[in-house]
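Subject: Structure for you to look at

Hello,

Please find the structure below. My notes on it follow.

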Amino acid sequence: MLVLGIETSCDETGLAIYDSENGLLADELHSQIAVHQDYGGVVPELASRDHADRLLPLLKKLLESANKKLDDIDLVAYTAGPGLKGCLLVGSTFARSLAYVIDKPIISVNHVEAHLLAPFMEYEDLSFPFFGLLISGGHTMIIDAQSIGDYEIMGETLDDAVGEAFDKSAKLMGLDYPGGPLIEKLAKEGKHGRYKFPRPILNKPNCDFSFSGLKTHIMLTWKDSDKTEQVKKDISLELQNSVTDCLTGKLKRAHEIKGYPRIIISGGVSANQFIREKLNSFASSINAKAYYPTKKYCTDNGAMIAYAGYKKFEAGQIYDLDGEVKPRWPLDQLA
Ligand code: KG4
Ligand code: ZN
């Protein structure tokens, strides 16, 4: 079965073809970083327009590199939420039109579920149940994943997502969007000890997160500093340290509640090597294994949508949103 995946929930247009027999056949991605860079964040209207411009040319390229025709596609999978409404509507309209033209079934995919399932494409020893740690620009949550479609949110951010903390801190230090990768680079030359940042709500007896206070703390630190390149590096290092302590602390709590030996870590921030190394040692300390998608599948992409679409279809979990999109679509309210 050939599944076409379409991702347009935020600032990446992603298309991919997943073959249930042979795995991923082709994968195309257009990043809108250049579109939003001057604004320091994603501008929803510009994002929707760019998706509309990019989808058709990307589809042509995708079919060429997979050496397939549109008619070969057996199932169209698209992100129906969560995400920016206008962006989701562009993807949904495109997907529905294609499915109509080739007269094939269509399946709505939850973007967060797709991030969680993505590592199954690559790791053969992976199985349910597991903890999902989703850390991206829009989400920060710990998920108890029992089986496909059966998830409980154990904790989530009460305000900013981790990626947002990276992006906003970067912005106030005058760095480009998205800030996460730049912070990681700067942190490599940071010196320990100059600053001490808080670990918000780390001691609260739950699995929730909060990062807006950290961002405010960084803003004040930056304001009071002499704003040198070394200050940027030291702040970046301490931001990573604080975030990592919060992530490991709350995962530890989740593990005390349900002792799963597997943790899937996904979403854009999971591309961060420093965070990966810390989470890996944490996982070994509790006799668990941490699984990450390869870096290109950590951030938003069409491959994870095609794959999740296939797995959901195979499991008979076919949500028909009938053209509707869900800017908010909690993982524990899928059906
Ligand atoms: O998953 P994603 O592509 O989109 C959302 O669904 O949000 O994640 C994007 C986020 C951005 O906030 C970006 O700064 C962050 O992931 N990010 C990183 C790194 N690479 C991307 N954060 C920290 N370190 C990185 N290396
Ligand atoms: Zn995402």
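The site of the zinc ion (ligand 2) is irregular, with angles of 91 to 150° among its 4 donor atoms. It does not count as tetrahedral, because that would need all angles between 85 and 135 degrees. Please keep in mind that this is a predicted model.

The zinc ion (ligand 2) is coordinated by His111 through NE2, His115 through NE2 and Asp300 through OD, at 2.1 to 2.2 Å. Along the sequence, these donor residues follow the spacing H-x3-H-x184-D.

Where do the two histidines lie? Both His111 and His115 are in helix 4 (residues 111–117), 4 residues apart, which is about one turn of the helix. His111 has a relative accessible area of 4% and His115 one of 1%. Both count as buried, because the cut-off is under 20%.

Now the sheet. It is open, has 5 strands in the order 3-2-1-4-5, and its pairing is mixed. Strand 3 (23–31) and strand 5 (106–110) are the edge strands, each pairing on one side only. From one strand to the next, the twist averages 20°.

Strand 1 (residues 2–7) pairs with strand 4 (residues 75–81) in the parallel sense, over 4 bridges. Val3 has Leu75 in strand 4 as its bridge partner.

Helix 3 (residues 85–102) lies across strand 1, strand 4 and strand 5. Helix 3 runs at about 160° to strand 4.

Regards

Definitions and conventions: Residues are numbered from 1 along each chain as its sequence is written. Chains are lettered from A and ligands numbered from 1 in the order in which they are written. This is a predicted model: local features need pLDDT of at least 70, side-chain atom pairs count only at pLDDT 80 or more; totals for chains, interfaces and linings use all residues. Side-chain values use heavy atoms; hydrogens and water are left out. Two strands pair if DSSP finds at least two bridges between them. Axes are lines fitted to C-alpha atoms, for helices over the stretch in contact, and angles run from 0 to 180 degrees between N-to-C directions. Contact means heavy atoms within 4.5 Å. Donors are N, O and S atoms within 2.8 Å of the metal (3.2 Å for Na, K and Ca); water is not among the atoms, so sites may look incomplete. Four donors count as tetrahedral if all angles lie between 85 and 135 degrees; four count as square planar and six as octahedral if opposite donors are over 155 degrees apart and all others between 65 and 115; anything else is irregular. Buried means under 20% relative accessible area, exposed over 50%, partly exposed in between (1.4 Å probe, protein chains only).
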